[in-house]
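Let's take a friendly walk through a protein chain, one stop at a time. Have a look at the picture, and then follow along.

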Amino acid sequence: YYILLTLTRGGMLIQTNIDEHKFKDNPLALHKAKIGTYLYTGIMILFLTAAFAVSVVQVVMEGAGVRVPAQAIYAFAAFTGVRLFMAIWNFVKSSKYKDLTTRSAQYINMTTALVSLLSLQTALLSLISTDLVPAVINAITGSLVCLGELAIGVYMIVHSGVKYKKIKRK
């Protein structure tokens, strides 16, 4: 999942770089191209959410998940906390900017932080519990993470449609 998100981010940045060189003299065409890349990123997030939902079901059904040594859980928690804090911080900061490339990157960071949160939870539960409760908690948290990612992807798709219609009216 992380590899595919990284490839999505890389593809978005490479396409934006290509578009900026290709349309450097035509700001309207560049903006349209950025909207297309933003749309593509939203669609990829939806596909990746579907793939992630399958892994959540697998974790819940098999009782699997991230297992780390007890001593490493502190580093894992710190990593997740920093990732989540930075994703929220940059998400709020990027809402001021109109650049869709920046927003796309922040939405990808937010999905990555949500997945890290679920990974931390499964790791913590694997250390402290052995009964049926972790499966229920993982199902609830996994569903919420998938819904959050789904909301991000749908928002990006709808938002790109609105942006494109605004350009067509002008």
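Our first stop is K34, a residue that counts as buried because its relative accessibility is 14%, and buried means under 20%. Keep in mind as you look around that this is a predicted model.

Which residue does the side chain of K34 meet in a salt bridge at 2.9 Å? The partner is D99, with the 2.9 Å taken from N to O. These two residues link distant parts of the chain, 65 residues apart. K34 belongs to helix α2, while D99 sits in the loop between α3 (73–94) and α4 (100–128). D99 has a relative accessible area of 27%, so it is partly exposed.

Now turn to E20, whose side chain also meets K34 in a salt bridge, this time at 3.4 Å from N to O. Here too the pair links distant parts of the chain: E20 lies in helix α1 (residues 2–22) and K34 in helix α2 (residues 27–62), with their positions 14 residues apart in numbering. How accessible is E20? Its relative accessibility is 36%, so E20 counts as partly exposed.

Let's put these pieces together. Through salt bridges that share partners, E20, K34 and D99 are joined into one network. If you search the whole structure for salt bridges, you will find two.

Next, let's move to the surface and look at charge. Which residues gather there in a patch of positive charge? They are K98, K165, K166, R169 and K170. Take K166 as an example: you can find it in helix α5 (residues 133–169). With a relative accessible area of 47%, K166 is partly exposed, because that value falls between the 20% limit for buried and the 50% limit for exposed.

Our last stop takes us to the nonpolar residues. The largest nonpolar core has 14 residues, and Y38, I45, Y107, I152 and M156 are the ones that touch the most other members. Which helices give two or more residues to this core? They are α2, α4 and α5. The largest share comes from α4, which supplies five residues.

As you look back at the picture, try tracing helix α2 once more. This helix holds K34, the partner of E20, and also gives two or more residues to the largest nonpolar core.

Notes:
Residues numbered from 1 in each chain as written. Predicted model: local features only at pLDDT ≥ 70, side-chain atom pairs only at ≥ 80, totals over all residues. Heavy atoms only, no water. Salt bridge = Lys/Arg side-chain N within 4 Å of Asp/Glu carboxyl O. Helix = DSSP H or I, 4+ residues; strand = E, 2+ residues; numbered from the N terminus. Buried < 20%, exposed > 50% of the residue type's maximum accessible area, 1.4 Å probe, protein only. Patch = residues over 30% accessible without salt bridge, like charges linked within 9 Å, V, L, I, M, F, W, Y side chains within 5 Å. Areas by Shrake-Rupley, 256 points an atom, 1.4 Å probe, with all protein chains shown as cover. Lys, Arg positive; Asp, Glu negative; His and termini not counted. Charge placed at Lys NZ, Arg CZ, Asp CG, Glu CD. Core = buried A, V, L, I, M, F, W, Y, C linked by side-chain atoms within 4.5 Å.
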